[in-house]
Amino acid sequence: MLHSALINVMVKAARRAGRSLKRDLGEIEHLQVSLKGPANFVSLADKRAEEMLYDDLTKARPGYGFIGEEGGAREGADKSHTWIVDPLDGTTNFLHGIPQFAISIALQREGTLIAGVIYNPANEELYIAERGKGAFLNDQRIRVAGRRRLDECVIACSLPHIGRGDHELSREEMTAIQTKVAGLRRFGAASLDLAFVAAGRLDGYWERNLQSWDIAAGQIVVREAGGIVSGIAGDDDPLKTGNVICGNEFVHAELVKILKPLEK
């Protein structure tokens, strides 16, 4: 399948960094039994992947700004374009050798997301989307699921852990939703949760307290797959609020209806 020059640049960068992460994943099981443990190793893997992405993307598009999880914001001469990158979304999964993690790359032009790539090197799944051109998984067109009954839907969510998130609010949200749906899932990588909604594997997804690099690429992939993405209020920008709800038109509206009143 022929892609635009922009998508080719993003895919090439993701695949190169992905090879590095895949090699590092192979070391994790050896590090699990060491006295030092794998945490420092994973931190290095994360930073190395980001530097590879930064090098490749800035070489291909000199002057573009760059926002990464590890290195923060790096301004470029071109103020209208910004890469938004998570070199390793699903770090805890990676740390435990669970193959549910991804590289997430988005490009924003004058505040609008115009392209996104999400790549899981563990299983070679590559999601791509470009504004107005649809969304694809390994070159096959994808669409959000069409279910219109919550009791038939599988919904992904977060499970706040030690030191992070509002545990009480999370319990309230799950209590409000779990009696209305066919299943709840927690996979541990926001970009892939969004990608799974785009591919119709999940019917919907919500999570709070995310960063722009967690959701930027997934946001355009879902939208180009025919889905709706917003913050908890239903008409706000997840990149600004850090909260996200997505699904087809029906599922999105139903989740907003349930979750919005719970906001404190």
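A pocket, as used in these legends, is an open set of grid points with protein on both sides within 12 Å along at least five of seven lines. The model shown is predicted.

**Figure 1. The largest pocket and its lining.** The largest pocket holds about 650 Å³ of space. Its lining counts 30 residues, and His161, Arg164, Arg186, Gly188 and Glu207 are the closest to the centre. Several elements supply at least two lining residues each: β3 (78-89), α3 (91-95), α4 (167-178), β11 (204-207) and α6 (212-224). By class, the lining of the largest pocket has 11 polar, 10 charged and nine nonpolar residues.

**Figure 2. The second largest pocket, with α6 in its wall.** About 180 Å³ of space lies in the second largest pocket. Fourteen residues line this pocket; nearest its centre are Thr112, Leu113, Arg131, Gln219 and Arg223. Helix α6 gives the most to the lining, with four residues. β5 (112-120) and α7 (238-241) each supply at least two. The lining of the second largest pocket divides into five charged, five nonpolar and four polar residues. Helix α6 also supplies at least two residues of the lining of the largest pocket.

**Figure 3. Helix α8 and its packing partners.** Helix α8 spans residues 249-259 and is mostly covered. Eight of its 11 residues are buried. They are Phe250, Val251, His252, Glu254, Leu255, Val256, Ile258 and Leu259. An α-helix has 3.6 residues a turn, so residues three or four places apart point the same way. The buried residues of α8 pack against two strands named above or below, β11 and β9 (154-156), and also against α4, β12 (228-230) and β13 (244-247). At the start of α8, a side-chain oxygen of asparagine 248 reaches to within 3.0 Å of the backbone nitrogen of phenylalanine 250.

**Figure 4. The open sheet of eight strands.** The strand order is β2-β1-β3-β4-β5-β6-β7-β8, and the pairing is mixed. β2 (72-74) and β8 (140-141) are the edge strands, each paired on one side only. Strands of a sheet pair through backbone hydrogen bonds, either parallel or antiparallel. At the β8 edge, strand β7 (residues 135-137) pairs with β8 in the antiparallel sense over two bridges. Here arginine 141 of β8 is the bridge partner of phenylalanine 136.

**Figure 5. Strand β1 between its two neighbours.** Strand β1 runs over residues 64-68, and four of its five residues are buried. β1 pairs with β3 in the parallel sense over five bridges. Tyrosine 64 stands opposite aspartate 78 in β3. With β2 the pairing of β1 is antiparallel, over three bridges. Phenylalanine 66 has arginine 74 of β2 as its bridge partner. β1 and β2 form a hairpin with three residues between them.

**Figure 6. Serine 104 and its contacts.** Serine 104 lies in strand β4 (residues 102-109). Serine 104 has a relative accessible area of 1%, so this residue is buried; the cut-off for buried is under 20%. Leaving aside residues up to four places away in sequence, serine 104 touches Ile84, Val85, Asp86, Val117, Ile118, Ser191, Trp213 and Ala217.

How values were computed:
Residues are numbered from 1 along each chain as its sequence is written. This is a predicted model: local features need pLDDT of at least 70, side-chain atom pairs count only at pLDDT 80 or more; totals for chains, interfaces and linings use all residues. Side-chain values use heavy atoms; hydrogens and water are left out. On a 1 Å grid over the protein atoms alone, a cavity is a set of points where a 1.4 Å probe fits but cannot get out, and a pocket is an open set with protein on both sides within 12 Å along at least five of seven lines; lining residues have an atom within 4 Å of a point. Grid points are joined across faces, edges and corners, and a volume is the space filled by probe spheres set on the points. Ala, Val, Leu, Ile, Met, Phe, Trp, Tyr, Cys and Pro count as nonpolar, Asp, Glu, Lys and Arg as charged, and the others, Gly among them, as polar. Buried means under 20% relative accessible area, exposed over 50%, partly exposed in between (1.4 Å probe, protein chains only). Contact means heavy atoms within 4.5 Å. A polar contact is a pair of N or O atoms within 3.5 Å; within protein, one must be able to donate a hydrogen and the other to accept it, and residues adjacent in sequence count only if both atoms are side-chain atoms. Two strands pair if DSSP finds at least two bridges between them.
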